[in-house]
Amino acid sequence: MSDVFRECRERVTAQDAARRYGMRFDRRGWAVCPFHADVRPSMSFRAGRFRCWACGASGDAVDFTGRLGLEPMAAMERLNADFALSLPIRRTQTAAETQAVRRRIEIAKEHKEFEEWRGTMTAKLCAAYQTAHTALKNMEEWDKLTGPEALDIRWQSCFEYWADTLDYGSPEEQAQLDRERGAISQWTGKVLKS
Ligand SMILES: [Zn+2]
């Protein structure tokens, strides 16, 4: 069954789903986020996934459709129908698939701690990125910047890189962030406090 989810995610991007369910995009391909009271487009799309830089919502096409009010299974069925994917949703799993699912559950357990950190960290990184973005937008002259504002701006590209890697990075890149957890939390915390 999980493989059907995977195939669905591979064949339908979050942006495809967003377009299908009525969202419009600006020239950059960003959209007004439907998951919070958004005014200007805060939602970007990349590598098949979506992310709202204001409220921190993120995920793939199934997550996006689910957030419109459906359980994951129902969201996948909806995408299957709306995009004519012809996924064999109701067939029973083969032994290999069952084993693959079991292995994924084991991996998920091993990485549970990292995943929990990733969840809270992504939201914090989005907030820190926004703080830096605001500092940059309000900036008139570099020499008038207060220390904390300069710090915010200096770290902006790091926050973006970390958030991107947490969302889209390869397992190796994510493992690297896992090792750097302490430093990332520390710097993000500093900007959020400033
Ligand atoms: Zn949002």
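The following conversation walks through a predicted model of one chain, from its overall fold to its strands, loops and helix contacts.

Visitor: How many helices and how many strands are there in the chain?
Guide: Read along the sequence, the predicted chain follows the pattern α-α-β-β-β-α-α-α-α-α-α-α. Counted by type, these elements come to nine helices and three strands.

Visitor: What share of the residues in the chain is buried?
Guide: A residue is called buried here if 20 or more other C-beta atoms lie within 10 Å of its own. Applied to the 194 residues of the chain, that criterion gives a buried share of 24%.

Visitor: What percentage of the contacts with a separation of 6 or more is made by residues 24 or more positions apart?
Guide: One pair that is distant in sequence is Ser86 and Cys8, which are 78 residues apart along the chain and 9.8 Å apart in space, C-alpha to C-alpha. For the chain as a whole, among contacts with a separation of 6 or more, the part made by residues 24 or more positions apart is 56%.

Visitor: In what order do the strands of the open sheet lie?
Guide: Strands of a sheet pair through backbone hydrogen bonds, either parallel or antiparallel. E1 and E2 pair in the antiparallel sense over four bridges, and E2 is joined to strand E3, residues 58-59, by two bridges, again antiparallel. The open sheet of three strands therefore has antiparallel pairing and the order E1-E2-E3.

Visitor: Which are the edge strands?
Guide: The order of the open sheet is E1-E2-E3. An edge strand pairs on one side only, and this applies to E1 and E3.

Visitor: Which residue stands opposite Met43, and which is the bridge partner of Phe50?
Guide: Met43 has its opposite residue in E2, and that residue is Cys52. Phe50 has its bridge partner in E3, and that partner is Gly59.

Visitor: Which residue in the turn between E2 and E3 has a positive phi?
Guide: E2 and E3 form a hairpin with five residues between them. In that turn, the residue with a positive phi, of about 85 degrees, is Gly56.

Visitor: Is Ala47 buried or exposed?
Guide: Ala47 lies in the loop between strand E1 (43-46) and strand E2 (49-52), which form a hairpin with two residues between them. Its phi is near 50 degrees, a positive value in a residue other than glycine. Because 10 other C-beta atoms lie within 10 Å, and 12 or fewer count as exposed, Ala47 is exposed.

Visitor: Is Ser86 buried or exposed?
Guide: Ser86 is found in the loop between helix H4 (72-82) and helix H5 (95-110), and although it is not a glycine, Ser86 has a positive phi of about 55 degrees. Since Ser86 has 8 C-beta neighbours inside 10 Å, this residue counts as exposed.

Visitor: How are H7 and H8 oriented to each other?
Guide: Helix H7 (residues 147-168) and helix H8 (residues 171-179) pack with their axes 9 Å apart, at an angle of about 125 degrees, and their crossing is left-handed. That angle lies outside 65 to 115 degrees, the range for roughly perpendicular, and is not over 145, the limit for roughly antiparallel, so H7 and H8 are oblique.

Visitor: How do the residues of the contact of H7 with H8 divide by type?
Guide: From H7 come Trp162, Thr165 and Leu166, and these meet Glu173, Gln174 and Leu177 in H8. Sorted by type, the residues of this contact are three nonpolar, two polar and one charged.

Visitor: How do the residues of the contact of H7 with H9 divide by type?
Guide: H7 and helix H9 (residues 181-193) pack with their axes 10 Å apart, at an angle of about 135 degrees, and H7 passes H9 in a left-handed crossing. Leu151, Asp152, Trp155, Phe159 and Trp162 in H7 meet Ile184, Trp187, Thr188, Lys190 and Val191 in H9. The residues of this contact divide into seven nonpolar, one polar and two charged.

Note on methods
Residues numbered from 1 in each chain as written. Predicted model: local features only at pLDDT ≥ 70, side-chain atom pairs only at ≥ 80, totals over all residues. Axes fitted to C-alpha atoms, helices over the stretch in contact; angles between N-to-C directions. Parallel < 35°, antiparallel > 145°, perpendicular 65-115°, else oblique. Left-handed = near helix turned anticlockwise from the far one by under 90°. Contact = placed C-beta atoms within 7 Å. Nonpolar A, V, L, I, M, F, W, Y, C, P; charged D, E, K, R; others polar. Pairing = 2+ DSSP bridges.
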